[in-house]
Amino acid sequence: MTAVSDATDTILRLRAEVCALHEQLTRYQLVVWTAGNVSARVPGQDLLVIKPSGVSYDDLTPANMVVCDLQGRVVEGEHAPSSDTEAQAYVYREMPHVGGVVHTHSTYATAWAARGEAVPCVLTMGADEFGGEIPVGPFAIIGDDSIGRGIVDTLRDSRSPAVLMRNHGVFTIGPTAKAAVKAAVMCEDVARTVHISRQLGEPLAIDQQHVDALFDRYQNVYGQR
């Protein structure tokens with residue numbers, strides 16, 4: 001029995017979940033045309049579920065999500081997977097705690113990436129979600145695991161679930177695909193607000209002790225438990 005058949009019910013659920021989460025990328029205007037993607041790790045299996053390459057968001061269905069192994073090879077699906085598959089597979093291989101990866105070219109965050117500049121931690125939302133600045137990763141060519149290496153190298157020792165890959169766009173990680181989508185939404189919101197703030201003057205940094213306290217509260221106390 002193959003790994004896919006062992007995990008059939010889980011994969012069916014993740015196909016539906018990953019498909020639905022792409023609607024959030026368009027809802028929050030984080031993507032245009034067919035750019036961007038969401039993927040999810042299949043728990044207990046060396047597999048991931050990801051968006052097909054070049055398919056319109058309007059045409060996405062659970063059935064056309066693609067199942068790949070953690071080398072980026074298709075194991076189930078009739079479509080070619082996202083061009084980011086090898087990069088995201090590398091993230092899953094190297095960061096076992098990651099359950100979801102998202103890629104966007106959201107306007108404001110990508111503008112920071114084009115400058116190769118981290119988004120400073122000058123908002124309580126930035127401290128809450130990212131635990132500090134939103135870091136910049138290296139320039140890397142699309143199509144193999146080079147981007148994945150840059151993501152891992154940048155985020156391995158960072159509290160941030162988001163990285164601005166230079167000249168490219170945003171990648172976010174999370175324990176689930178939904179959490180990674182949330183991080184992408186929050187990344188764009190913080191990047192936009194800090195950009196506007198800089199048009200008015202120099203934003204005020206938050207003391208590290210307050211950043212740490214805000215991050216701890218948001219991660220461990222805030223919301224329903």
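1. Two strands count as paired here if DSSP finds at least two bridges between them. The model is predicted. Strand 7 (residues 162-165) and strand 8 (residues 169-174) meet that criterion, pairing in the antiparallel sense over four bridges. Together strand 7 and strand 8 form a hairpin with three residues between them. In the turn, Asn 167 has a positive phi of about 65 degrees.

2. Register of the hairpin. Val 163 stands opposite Phe 171 in strand 8, and Leu 164 stands opposite Val 170 in strand 8. Strand 8 is also joined to strand 5, by five bridges, and these two strands run antiparallel. On that side, His 103 stands opposite Phe 171. Strand 8 is mostly covered, with six of its six residues buried.

3. The sheet as a whole. The hairpin strands belong to an open sheet of eight strands in the order 4-3-2-1-5-8-7-6, with mixed pairing. Strand 4 (74-76) and strand 6 (136-137) are the edge strands, each pairing on one side only. Strands of a sheet pair through backbone hydrogen bonds, either parallel or antiparallel.

4. Helix 2. This helix (residues 8-27) lies across strand 1 (37-42), strand 2 (47-50), strand 3 (66-69), strand 4 and strand 5 (100-104). Helix 2 runs at about 155 degrees to strand 1.

5. Nonpolar cores. The largest nonpolar core has 26 residues, of which Ile 11, Leu 25, Val 38, Val 42, Val 49, Val 102 and Val 181 touch the most other members. Helix 2, strand 1, strand 2 and helix 7 each supply at least two residues of this core, and helix 2 gives the most, with six residues. A second, separate core of 22 residues includes Ile 50, Val 66, Val 101 and Leu 155.

6. Val 49 in detail. Leaving aside residues up to four places away in sequence, Val 49 touches Leu 14, Arg 15, Val 18, Val 38, Ser 39, Ala 40, Val 42, Met 65, Val 66 and Val 67.

7. Helix 8. Does its length fit, or what should the 13 residues of helix 8 (residues 208-220) span? At 1.5 Å a residue the expected span is 18 Å, and the end C-alpha atoms are 18 Å apart, which agrees. Val 211, Leu 214, Phe 215 and Tyr 218 of helix 8 are buried. These four cover an arc of only 100 degrees around the axis, which puts them on the same side of the helix. An α-helix has 3.6 residues a turn, so residues three or four places apart point the same way. The buried residues of helix 8 pack against helix 5 (124-130) and helix 7 (177-200).

Note on methods
Residues numbered from 1 in each chain as written. Predicted model: local features only at pLDDT ≥ 70, side-chain atom pairs only at ≥ 80, totals over all residues. Heavy atoms only, no water. Expected span 1.5 Å × (residues − 1). Buried < 20%, exposed > 50% of the residue type's maximum accessible area, 1.4 Å probe, protein only. Arc of directions from axis to C-beta. Contact = heavy atoms within 4.5 Å. Axes fitted to C-alpha atoms, helices over the stretch in contact; angles between N-to-C directions. Core = buried A, V, L, I, M, F, W, Y, C linked by side-chain atoms within 4.5 Å.
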